[in-house]
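Here is a short, friendly tour of the model shown below. Please keep the viewer open as you read.

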Amino acid sequence: MEVEDTTKRYIYSDTELDRAEGEAIESLKAHSQQPMPDPDKWLEEEIKRNILLTTVDWALNWARRSSLWPVIAFPACCAFELMATAASRFDISRFGMEVMRASPRQADLMITAGTLTWKMAPQIRRIYDQMAEPKWVIAMGACAISGGIFTGSYAVVPGYNRIIPVDVYVPGCPPRPEALLHGIKMLRDKIAKRSLLKEVR
Ligand code: SF4
């Protein structure tokens, strides 16, 4: 008995399939004579406009010097000049410093605006110790630098640098806001020269 070969049963004949395939290929060839635009071509222009090369040191120092947050610790009359510096006429918000922090843990700058007595010294030292690292100190005014007009008094600390490290000294009794702004700029320059490599060593 003859067995029927079911594999030979096609809907289309071999010739029709060949022709259809040939037509598809010819059509593709006819429409593929020019190369397509490169989908990544836009990248070159975008990269030119958006890539900025710098160092980790520069980026870190830029972030730190642009967001100095002063802690509230102003024991005497220089504080009024500091308040004037923060107010609209001088405006330290241009340095990202306008929010004075009530908590030392949220601050990295102490502006020592005022006479410091020995009785107050442990509290100032404690506030400094609780501030976030890295931290800086600006000694504002003659009293903060050397005890000022109270030098020699049994009750007055002859300079904040007896109890905490000072980065920048701003002389005057009291210093004008312009002088404090100059001191802040000096501190920013100092921060800009820091190196992460030296810090981790
Ligand atoms: S330097 Fe002059 S203004 Fe400043 S705290 Fe001393 S006495 Fe007051």
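**Ligand shell and cores**

Around the ligand (a heavy atom within 4 Å of it) sit Cys77, Cys78, Gly114, Thr115, Ala142, Cys143, Gly172, Cys173 and Pro174. This is a predicted model, where local features need pLDDT of at least 70 and side-chain atom pairs count only at pLDDT 80 or more, while totals for chains, interfaces and linings use all residues. Residues are numbered from 1 along each chain as its sequence is written, and side-chain values use heavy atoms, with hydrogens and water left out.

**The ligand shell**
- By class, the shell has 6 nonpolar, 3 polar and no charged residues; Cys and Pro count as nonpolar here, and Gly as polar.

**The nonpolar cores**
- The largest nonpolar core (buried Ala, Val, Leu, Ile, Met, Phe, Trp, Tyr and Cys residues joined through side-chain atoms within 4.5 Å) has 21 residues.
- Buried means under 20% relative accessible area (1.4 Å probe, protein chains only).
- Met97, Leu109, Ile111, Ile138, Ile184 and Leu187 have the most contacts inside this core.
- At least two core residues come from each of α4 (78-86), β1 (109-113), β2 (136-140), β3 (168-170) and α7 (177-192); helices (H or I, at least four residues) and strands (E, at least two) are DSSP runs, numbered from the N terminus.
- The most, 5 residues, come from α7.
- A second, separate core of 17 residues includes Tyr128, Met131, Ala144 and Val166.

**Helix α4**
- Cys78, Ala79, Glu81, Leu82 and Thr85 are the buried residues in α4.
- They lie on the same side of α4 because they cover an arc of only 160 degrees around the axis, taken from the directions from the helix axis to the C-beta atoms.
- Their cover includes β1, β2 and α7, with contact meaning heavy atoms within 4.5 Å.

Note on methods
Buried < 20%, exposed > 50% of the residue type's maximum accessible area, 1.4 Å probe, protein only.
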